[in-house]
Amino acid sequence: MATSAFTPASQVLERHQTFFNDKNVIIAGDIQDSYPAIMSANQVKIHCTQFHTYLRLKNSVRGKNTYFSLLPEAELYAGMDTLIYYWPKTKSEAQFQLSYLLHNMPKGSDIFIIGENRTGVKSVEALLSDFGTIQKIDSARRCGLYHFQADSRLAFNLDEWWLSYHLTIENQNIEIKSLPGVFSQKGLDAGSELLLNALMDRTDIIKGNVLDVGCGSGILSTVLGKLYPDIALTLSDVSSAAIESSKATLNSNNVNATVVASDVFSNLNDKYHLIVSNPPFHDGKEINYTAVNALIKEAKKHLKLNGYLCIVANSFLPYQTILDETFKSVEVIAQTTKFKVYLASH
């Protein structure tokens, strides 16, 4: 039997395709495939919060109706009567995204929430039951599909969703600000801490143009910018929430930098003296090396002569081999039982 090109969540939606044929549909949330580009409906608009998803879908037949941002613009909702929401990997991110989507969807809209059971999608029943009628309408492919109709609009105020905490590093008091779903949202993670300490032991490499790939809430760059104010910082991430979090963190600490949406190097053309990263190796719940492989293999093209790539990784991940294949010099400059910091130069 042929396997579907679509995720289990989209396969469940396909079973209900006839319902959407005459609807004006917004598709949002954790979109993992191209089903939104081909599903049949009167009108489809797609809102992406991940830049690599946007890049994939903007080249489809629905490209002109595909948008990338943290929050959709008001015109996205105009004339729309149905929302399909793909449940993401964290409940806090789902609460955040559903709050702004349901705050703006026209009254009486049909809301469909689809997600894999292992991601905790069933918690949507408790999440929305106070605001209207919600029921599970399908269960297949280890997914749950829910239908919701709101009695009234949900309140949403972006200011209420920010989390912040303070770090003291080298006598610098640094405030970190972040939104739901952003890595290291509630504190400095052990990997980034090890990477920062390793970098501060190698002040000779921190100069000129510095790029932070997968910047998250902007911790690495903000610390480097405070301690080495002469460097020129660029931060990149695929996540719109990470981009806005990094901007807020940099602004809160009076650090100047350029922040761009980019799928690894897709939107970056400059060359750098130093590229730093605490790269992700998960895509949702799955281990996925695609981004970090691209980061390592393409870094040389984005490094100045005698430039450096410095990354931290879980010790069990197979990065040493790919680094050795790509760079002439690779050394482990810090490690614990759980993490290693690699410094590569060409």
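Modeller: Before we start, one term: two residues are in contact when heavy atoms of theirs are within 4.5 Å. Also keep in mind that this is a predicted model.

Colleague: Thanks! So how many residues of domain 1 and domain 2 are in contact?

Modeller: On the domain 1 side there are 17 residues, and they are in contact with 20 residues of domain 2.

Colleague: And where is the protein divided into those domains?

Modeller: Domain 1 covers 8-158, and domain 2 covers 162-345. Their C-alpha centres lie 31 Å apart.

Colleague: How much area do domain 1 and domain 2 bury between them?

Modeller: About 1500 Å², with 61% of it on carbon and sulfur atoms.

Colleague: Which helices supply residues to the side of domain 1 that touches domain 2?

Modeller: Helix 4 (51-58) and helix 5 (91-104) supply at least two residues each. By class, that side of domain 1 has eight polar, six nonpolar and three charged residues.

Colleague: How many salt bridges are there between domain 1 and domain 2?

Modeller: Zero salt bridges are counted between the two. There are, however, three residue pairs in polar contact across the interface of domain 1 and domain 2.

Colleague: Okay, and how many salt bridges does the whole structure have?

Modeller: The search finds six. One of them pairs Lys 23 with Asp 110, and their closest N and O atoms are 3.7 Å apart.

Colleague: What does the pair tie together?

Modeller: Lys 23 is in the loop between helix 2 (17-20) and strand 1 (24-29), while Asp 110 belongs to strand 5 (residues 110-116), so the pair ties together parts 87 residues apart in sequence.

Colleague: New topic: what feature does UniProt place at residues 10-165?

Modeller: An unreviewed UniProt entry gives "domain: Methyltransferase small N-terminal" there. In the model, residues 10-165 are 26% helix and 30% strand, and the end C-alpha atoms of that span lie 38 Å apart.

Conventions
Residues numbered from 1 in each chain as written. Predicted model: local features only at pLDDT ≥ 70, side-chain atom pairs only at ≥ 80, totals over all residues. Heavy atoms only, no water. Domains from an automatic or database assignment. Buried area = accessible area lost by both parts, 1.4 Å probe. Salt bridge = Lys/Arg side-chain N within 4 Å of Asp/Glu carboxyl O. Polar contact = N/O pair within 3.5 Å; in protein donor to acceptor, adjacent residues only side chain to side chain. Helix = DSSP H or I, 4+ residues; strand = E, 2+ residues; numbered from the N terminus. Nonpolar A, V, L, I, M, F, W, Y, C, P; charged D, E, K, R; others polar. UniProt positions renumbered as here; feature names shortened; annotations may be inferred.
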